[in-house]
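Work through the two exercises below with the sequence and the coordinates at hand, and compare each step of the solutions with what you find.

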Protein chains: 2
Amino acid sequence: MVPPVAHIEAADRHGEVDIKTAYVRGVNRFAVKIASGFPGNAAHGLPTGSGMMVVFSAETGFCEAVLLDNGYLTDLRTGLAGAVAADWLAPKTIGTVGILGSGVQARYQLLSLALVRKINRVLVWGRSPEHVSRYVEEMQLLHGIKVEIARSAEDLVRQSAVLITVTASRSPIVRAEWMQPGLHITAAGADFPGKQELDPAVLERADRLFCDRLDQCRRLGELQHWKSDRPLKAVELGAVIRGAAPGRQRDSEITVCDLTGVGVQDTAIADRACAIAKSKFPELFAD
Amino acid sequence: MVPPVAHIEAADRHGEVDIKTAYVRGVNRFAVKIASGFPGNAAHGLPTGSGMMVVFSAETGFCEAVLLDNGYLTDLRTGLAGAVAADWLAPKTIGTVGILGSGVQARYQLLSLALVRKINRVLVWGRSPEHVSRYVEEMQLLHGIKVEIARSAEDLVRQSAVLITVTASRSPIVRAEWMQPGLHITAAGADFPGKQELDPAVLERADRLFCDRLDQCRRLGELQHWKSDRPLKAVELGAVIRGAAPGRQRDSEITVCDLTGVGVQDTAIADRACAIAKSKFPELFAD
């Protein structure tokens, strides 16, 4: 049971707040996740984003925990959702992994992908050379993953067997003619009206389109830019996982999965975090 | 800036959760209010409703406070919203005040009304004689307000100059033919599809209709039951207060105000509560 994302615009401060939630039958808790972006914070040396989760008992509706995680659980679940998409949709054996973008999710997506696929070679490209080299350095130092820098977005896409896009772009970067057969793209950057990383021709050229939640992706994700006369055929990843719809059928197919982030993921990770916290620190929880 | 109420239905547990929020320009904080109703709790001796507010800085988006108020601030602001409606819409001098219902809001609405009008006589009616006599006793003992018990809903309405309806009814109780000239009704019970306290003829017979928020009242309040061929003309209370629309024009007019509760009220009371808490207990707040 997933209500639409509640969105607050603090227009006079250029701030934005998103509230996501979901009730999942069989899960002991449900979370209300409140995430904000206030770009003006940077001028005061403060983080521009923050996030927290309030966790409720699914049995009584009582508040069970307030997770002041500063967006950590969101970063984690977003990366893991990307890995789930790649696990179900990318070929079993993959060549070069391309990361478009060098921010927080460039980190989580790659580390999560490594949980489900053997990573042979990683390429990265981003607009800021400084951020890109910091990314390369950090991946090597902290995680022992060697990352090479592509010459351009085109160079990155042309060499990629799996492409993960995690920029905040508002105009298309990835062109259809750069894609090789068998490419799987996880588009995780666009999560708001106006955001876009893929040329609409990428969606049209793809053999199969997938998404986390269709109505939400049509409003907030890459699928908002579907312009073709043909009806949009995009399958929710959940339908693939539970066997109700086919995933990738051949290694040569091009697949695109549009991820915007769903409250179900917040409820799932909050439930897990609380279960762990409760077993390790029972004194923090009332009976 | 008020996003629609996010509603979660925990169908397998008959639980419900509402999330309300609003960003108000010029107010230093904004609140996300999470209120739940889980009727099954009663069997375990637990309260069926709970509510809390998470309060954020409107400047940075950072969480500033978590108010574990168990719904107290909601009860308070709901009562006060009723008083604001009566203050702007009821005649200055009023005869008998009728309270339809004997629950929590029967208490808060009457106490709030007493802040804006001289109360001469109060009548109450409710389905449970036991709850009604507890209400009468409590109003007398705790607040020194003498409340008489009406013989029936009809008796109550026929004698009322101001009528406040605060039941959880799902079928109309108040009939149009019971209303006297000059009656003001604040309908505060219906706040969900299917809930209804007023016969639709009450809305048609009224000289002027008001509401807290039109789109929400059309979905959740009494206005959802507007069936007439005439277009619905209902004015938001805020428009009356800021002088953009007329309120009551003559003492003999019948006015109805449909209240469903708006996130703006939660943000306003949370901001006030935090300001008071911060001045009294500065050590609880980080700099």
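**Exercise 1.** Determine which residue follows α3(B) and what sign its phi has, and then establish which residues of α3(B) are buried and which are exposed.

*Solution.* The residue after α3(B) is Gly144(B), with a positive phi near 65°. The model is predicted, so that local features need pLDDT of at least 70 and side-chain atom pairs count only at pLDDT 80 or more, whereas totals for chains, interfaces and linings use all residues. Residues are numbered from 1 along each chain as its sequence is written, while chains are lettered from A and ligands numbered from 1 in the order in which they are written.

Next, take the helix itself, where helices are DSSP runs of H or I with at least four residues, numbered from the N terminus. α3 of chain B, residues 129–143, has 15 residues and reaches 20 Å from its first C-alpha to its last, close to the 21 Å expected at 1.5 Å a residue, the expected span being 1.5 Å times one less than the number of residues.

Then apply the burial criterion (buried if 20 or more other C-beta atoms, placed from the backbone, lie within 10 Å of a residue's own, exposed if 12 or fewer, partly exposed in between). Val132(B), Tyr135(B) and Met139(B) are the buried residues of α3(B). Because they cover an arc of only 55° around the axis, they lie on the same side of α3(B). On the other side, the exposed residues include Glu130(B) and Glu137(B).

**Exercise 2.** State which domains the assignment gives for chain A, and how far apart their centres are.

*Solution.* An automatic or database domain assignment gives domain 1 (6–72 + 264–284) and domain 2 (75–261) of chain A. Their centres, taken over C-alpha atoms, are separated by 25 Å.

Conventions: Helix = DSSP H or I, 4+ residues; strand = E, 2+ residues; numbered from the N terminus. Arc of directions from axis to C-beta.
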